[in-house]
Amino acid sequence: MFIQLSRIIACLGVCGVHIGYGYEVKGMGGVLSVGRYGLFVFFVLSGFLACMWNGEDRRTYIKKKIIRLAPIYYVSLVFCYVIHRLILCEVHGNEANWLRYILGLNAWLPSEDIFWKGMHANWYVSVVWGFYIIVAFLWKRVKRTNDAFLYIAFLICSVCSIVIKQRDAMWSVNGWCYLQFFILGMIAHQEQEKKKLIVLPIIAILCVAIKPSYHTMTIFLSAIYSLALGWLSGKFQLDTTNRTGKILSHIDGLTYAVFLVHPFIIDFAIDGILAVCVNKTVAIVVTCTIIIGLAEIVHCCLEKPIQKYLMDKVR
């Protein structure tokens, strides 16, 4: 249950930040800004879940991980193409940029050209499945659950992230800057299995001791969350046989659809929604309702059927 609740809260946090900025909500900047850390919760969770092998071989593992993300990713690309090219009749200056998105490389080959509105959430999927591919490539090494390997990898990725941030103006959309958060999740899973949650508190303490910055703060909070994840994830199981469990499971299943759908509504519909609503509060409620409704349609009518079809083909 802790994993499902984490994913739901992280999704709400990220969407809350974007909606707050989109509607220029004043007086809640500090509260809403906390939601941006939801992205790192997703990364840590992905690292944690990546270590749940379930007896799979490398090929089955990577197929299942990509099938989990690919349908909604490509559905969102199609939405964007329909909106910009067929409805708004926009022509982008660099059509070859589509290749980065089609191959899922937009986070690993960042460009100043963000292409079109509504596509920034696709960046997240590119980062996650890039990580899964790295895990598959290092399959034998990662499955040995060697303590030193993960600790050294975390240190190297953290240092590389700092260097990239200093030298690359596009660091915030560079997937190489976020690998250390996935590794924190892997460390949490490893320490949970060995029942010794020792290294994560040390990482958190070191972040406090170092000069405070956005970088150290994100690692500190991610280490604290990883510690909670390693401690609580095995203690509370989601019972999908009762009504509450079924509702939570369904909402959890909607998180990726909400994550990829909400930028379209915020980027394209805010002016129209404000025009027909009596005030900003009502407009925000309407926006959230539209996002949830569209995400429900996408999840039930497109994402789940495509995933089921692809999973049947993999078996």
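Rings of Phe, Tyr and Trp pair if their centres lie within 6.5 Å. The views below are taken from a predicted model.

**View 1. Ring pairs join twelve named residues into an aromatic cluster, listed here by residue type.** The phenylalanines in the cluster are Phe-40, Phe-42, Phe-43, Phe-131, Phe-181, Phe-182 and Phe-259. The tyrosines are Tyr-124, Tyr-132, Tyr-178 and Tyr-256, and Trp-123 is also a member. The structure as a whole holds 20 aromatic pairs.

**View 2. Phe-40 and Phe-181 form a tilted aromatic pair.** The ring centres are 4.7 Å apart and the planes meet at 50°, an angle that falls between the limits of 30 degrees for stacked and 60 for edge-to-face, so the pair counts as tilted. The pair links distant parts of the chain, 141 residues apart: Phe-40 belongs to helix α3 (residues 38-50) and Phe-181 to helix α9 (residues 179-194). Phe-40 has a relative accessibility of 5% and counts as buried. Phe-181 is buried too, with a relative accessible area of 2%.

**View 3. Tyr-74 and Trp-129 form a tilted aromatic pair.** Centre to centre, the rings are 6.2 Å apart, with 35° between the planes. Tyr-74 lies in helix α4 (residues 58-87) and Trp-129 in helix α6 (residues 122-137), so the pair ties together parts 55 residues apart in sequence. Tyr-74 is partly exposed, because its relative accessible area of 33% lies between the 20% limit for buried and the 50% limit for exposed. Trp-129, at 6% relative accessibility, counts as buried.

**View 4. Helices α1 and α11 pack roughly antiparallel to each other.** Helix α1 spans residues 2-22 and helix α11 residues 214-232; their axes are 10 Å apart, at an angle of about 150°. Angles over 145 degrees count as roughly antiparallel, which is why the term applies to α1 and α11. On the α1 side, the contact is made by Phe-2, Ile-3 and Ser-6. On the α11 side, Tyr-225, Ala-228, Leu-229 and Leu-232 take part. The contact residues divide into 6 nonpolar and 1 polar, with no charged residue.

**View 5. His-299 is a buried residue of helix α13.** The helix covers residues 280-314. His-299 has a relative accessibility of 7%, which is under the 20% limit and therefore counts as buried. Leaving aside residues up to four places away in sequence, His-299 touches His-250, Gly-253, Leu-254, Ala-257, Lys-304 and Pro-305.

Key
Residues numbered from 1 in each chain as written. Predicted model: local features only at pLDDT ≥ 70, side-chain atom pairs only at ≥ 80, totals over all residues. Heavy atoms only, no water. Helix = DSSP H or I, 4+ residues; strand = E, 2+ residues; numbered from the N terminus. Buried < 20%, exposed > 50% of the residue type's maximum accessible area, 1.4 Å probe, protein only. Contact = heavy atoms within 4.5 Å. Phe/Tyr/Trp six-rings, centres within 6.5 Å; stacked < 30°, edge-to-face > 60°. Axes fitted to C-alpha atoms, helices over the stretch in contact; angles between N-to-C directions. Parallel < 35°, antiparallel > 145°, perpendicular 65-115°, else oblique. Nonpolar A, V, L, I, M, F, W, Y, C, P; charged D, E, K, R; others polar.
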